[in-house]
Amino acid sequence: MPNRYKQQIDEVLEAADHMTTEELDRLPYGMIQLDASGRILNYNALESSLASLSKGDAIGKQFFTEIAPCTRVQEFYGRFKEGVIREALDTSFRFHFAFKQNPRDVTVRLLYSKRSRTVWVLISDHDGKPLRAQATDEE
């Protein structure tokens with residue numbers, strides 16, 4: 001992953017706990033906030049669009065069983081569970097979301113927040129780049 005994208009992702013995750021819904025919705029990454037049981041607390045607009053699932057249909061649901069059962073594998077769910085138990089998680093890995101309407105290969109970053117005692121799931125493209133260009137992006 002290019003260093004500038006890693007730095008951008010680090011900054012987004014550092015600020016995520018303090019972002020408003022509107023700020024989360026403006027991010028060029030898919031963002032999902034999960035409680036310790038895997039229940040969705042936040043689900044940003046880009047992720048809603050990519051998954052073809054409204055926020056209202058996602059928030060409050062169990063991510064690993066009701067929303068994205070393809071993630072209930074050691075690579076994803078196992079890391080999530082271990083990180084919640086240890087209250088320490090910061091890992092990135094490539095993953096294939098096998099959604100019927102929009103299957104996609106992505107890079108997932110899981111980060112446990114000690115402040116909110118939740119896990120942030122940040123989803124970027126397969127190479128770690130933003131999923132949507134930002135208006136200020138000069139590429």
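Select helix α6, residues 74-86, in this predicted model. The buried residues of this helix are Phe76, Tyr77, Gly78, Phe80, Gly83 and Val84. In an α-helix there are 3.6 residues a turn, so residues three or four places apart point the same way.

Next, display what lies over the buried residues of α6. The covering elements include the helix α5 (63-67) and the strands β1 (30-34), β3 (90-97), β4 (104-113) and β5 (118-125). Then step past the end of the helix to Glu87, which follows α6 and has a positive phi, near 55°.

From the covering elements, choose strand β4 and select Thr107, which is found there. Thr107 has a relative accessible area of 8% and is therefore buried, the cut-off being under 20%. Follow the side chain of Thr107 to the backbone oxygen of Asp125, which is reached at 3.2 Å.

Now move to Asp17, in the loop between α1 (3-15) and α2 (21-26). Add Lys114 to the selection: Asp17 and Lys114 are 97 residues apart along the chain, and a distance of 9.9 Å separates their C-alpha atoms.

Which residues does Asp17 touch, not counting those up to four places away in sequence? Show Gln33, Ser113, Arg115, Ser116, Thr118 and Trp120. For two of these contacts, look at the side chains. The side chain of Asp17 makes a polar contact with that of Ser113 at 2.2 Å, and another polar contact joins the side chains of Asp17 and Ser116 at 2.9 Å.

Technical notes: Residues numbered from 1 in each chain as written. Predicted model: local features only at pLDDT ≥ 70, side-chain atom pairs only at ≥ 80, totals over all residues. Heavy atoms only, no water. Buried < 20%, exposed > 50% of the residue type's maximum accessible area, 1.4 Å probe, protein only. Helix = DSSP H or I, 4+ residues; strand = E, 2+ residues; numbered from the N terminus. Contact = heavy atoms within 4.5 Å. Polar contact = N/O pair within 3.5 Å; in protein donor to acceptor, adjacent residues only side chain to side chain.
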